[in-house]
Amino acid sequence: MKTIIEPFRIKTVEYVKTTTQEEREEILKKAYYNTFLIPAEDVLIDLLTDSGTSAMSAKQWAAVMDGDESYAGSKSYFKFEKITKKIFGFKHIIPVHQGRAAERILFTMILSDIDSDGRFINAGKGKFIPSNNHFDTTRANIEFNGAEAVDLVIEEGKHPEVIHPFKGNMDIEKLKAFIKEKGAKNIPVCMITVTNNTGGGQPVSMENIRMISKICNENKIPFFIDACRFAENAYFIKIREKGYENKSILEICNEMFSYADGCTMSAKKDAFANIGGFLAINNDEWYVNSKNLLIITEGYETYGGLSGRDMEAIAQGLDEILDESYLHYRIYSTKYLGEKLLANNIPIIQPTGGHAIYVDAKNFLPHIPPEQFPGQALSVELYRYGGIRAVEIGSVMFARYDKDGKMIPADMELVRLAIPRRVYTQSHIDYVAEIFCEINKNKNKIKGVKIIEEPKFLRHFTAKFAPVD
Ligand code: F0G
């Protein structure tokens, strides 16, 4: 059987609004050509993110009704703790309101000296945290604490057209050389992001995780996994890595996390929840320190930043994500969009990843230089022409400036079409591909954009742009 169908049916619908191109032109102007600043109501197909945008199942909604909102010792927490321990296997689970809160607690703790009164004194300067590619909030949390976030993805992972089964892998030789150069004592933790969002939603192999863990162990460097899309990663391992074809998703997850000392997790992705996350840690001392930060900023240890009903939705979602028929549909429906774009000569990162299609805007719009942000220009065009919202993952998000203020562009200029889980049907996706075909016809007329206002951190969320003349 070749056709991949959705392994669910629709029980509730949410209407979407259609706008005219003239209306969208005005909306774009008002939003300063930043897709984050467009009111969601004015978007026809929202591919801005797969985060917190999943359709919850009937069982999740039912669990929400069963949420226990007790301040301490809520039964919803124990349910949440039970399933997270079953999948991830770590000793301590700390609930937080979303992934970046787990990152903030982890990095504030490990990049600080703690005085005799338990106060945290920042000691991030001169410290380095390697990963395959850090996500933007992870990078920001590391840099906000004075340390340096370092990307060590394999070379193949930096070239959109190069095919590799595990393009999210970390370059093991580079990691060894990096530890030698900087010294293990200056690397308080090593991370790996599964799947590698910044690098195209590309998976990391079990072998790579095992090797990183071995090197970290030899150098006494704790190893953490950014686990947002762990189940999608596990499915790729199952279908692409020898020896895993007959293992269950749960078995693969158990093995993946057995190599690590902890993880950060945003439940807004592979837990089908609209909010939530957790920090998982084996080390008892780190757990105590993390809890101190948790209680000051998130909440008591059995709810963190979450309500009981959120923990119920997450617990049920984590159970559902292990379903292989869902993961099969998920990975192949993403591929479906990728193949449609490729068939129409739209360059994308290949092979297609788990949660999104990444269009190679540098290649698609070669007449727009990185200084005029081709990815941003394309995401503006997608909205203008089709009411589709996407996000730039390129120099707006990741460019640096040298000491003379000259822009050092990002490795790639991408536009991400993130696919919310269980939300859009095949005809929505066909529409997206059609809009691309239309844009393709007049792509030479698309103009670049310039930044007219930007904040110091995470500028892509709020920066204001104007079209270049
Ligand atoms: N790590 C990765 C790999 C992520 O993709 C994200 C969020 C986070 C950490 C932070 O989690 O949003 O719950 O605080 N990614 C979203 C995205 C925002 O659109 O890719 P959060």
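**The ligand shell, a buried serine and an enclosed helix**

Helix α4 (residues 99-110) supplies the largest share of the shell around the ligand, namely three residues. The model discussed here is a predicted one. In total, 17 residues surround the ligand, and the closest are Thr 49, Arg 100, Asp 226, Ser 266 and Lys 269. Sorted by class, this shell consists of eight polar, seven charged and two nonpolar residues.

Several side chains offer polar atoms to the ligand. Asp 226, already named among the closest residues, places a polar side-chain atom 2.6 Å from a nitrogen atom of the ligand. Oxygen atoms of the ligand are met by two other residues: a polar side-chain atom of Arg 416 lies 2.7 Å from one ligand oxygen, and an N or O atom in the side chain of Gln 98 is 2.9 Å from a ligand oxygen. On its own, the ligand has 470 Å² of accessible area, of which the protein covers 94%.

The chain as a whole is divided into two domains. Domain 1 is made up of residues 21-50 together with 324-467, while domain 2 spans 58-320. Their C-alpha centres lie 26 Å apart. The contact between them takes 32 residues from domain 1 and 39 residues from domain 2.

Attention may now turn to a single residue, Ser 395, which is found in helix α15 (residues 395-398). Buried means under 20% relative accessible area; Ser 395 has a value of 0% and is therefore buried. Which residues does Ser 395 touch, leaving aside those up to four places away in sequence? They are Pro 370, Phe 373, Met 407, Pro 409, Ala 410, Met 412, Glu 413 and Arg 459. Two of these neighbours also take part in polar contacts with the serine side chain. The side chains of Ser 395 and Glu 413 are joined by a polar contact of 2.5 Å, and a polar side-chain atom of Ser 395 lies 3.0 Å from the backbone nitrogen of Ala 410.

A further case of burial is helix α8 (residues 230-240). Why is this helix described as largely enclosed by the rest of the structure? Nine of its 11 residues are buried, so the surrounding structure encloses most of the helix. The buried residues of α8 are Phe 230, Ala 231, Glu 232, Asn 233, Ala 234, Tyr 235, Phe 236, Ile 237 and Lys 238. These residues pack against the helices α3 (75-88), α7 (206-218), α9 (249-258), α11 (308-321) and α12 (324-343), and also against strand β9 (262-266).

Technical notes:
Residues numbered from 1 in each chain as written. Predicted model: local features only at pLDDT ≥ 70, side-chain atom pairs only at ≥ 80, totals over all residues. Heavy atoms only, no water. Near = heavy atom within 4 Å. Polar contact = N/O pair within 3.5 Å; in protein donor to acceptor, adjacent residues only side chain to side chain. Areas by Shrake-Rupley, 256 points an atom, 1.4 Å probe, with all protein chains shown as cover. Helix = DSSP H or I, 4+ residues; strand = E, 2+ residues; numbered from the N terminus. Nonpolar A, V, L, I, M, F, W, Y, C, P; charged D, E, K, R; others polar. Buried < 20%, exposed > 50% of the residue type's maximum accessible area, 1.4 Å probe, protein only. Contact = heavy atoms within 4.5 Å. Domains from an automatic or database assignment.
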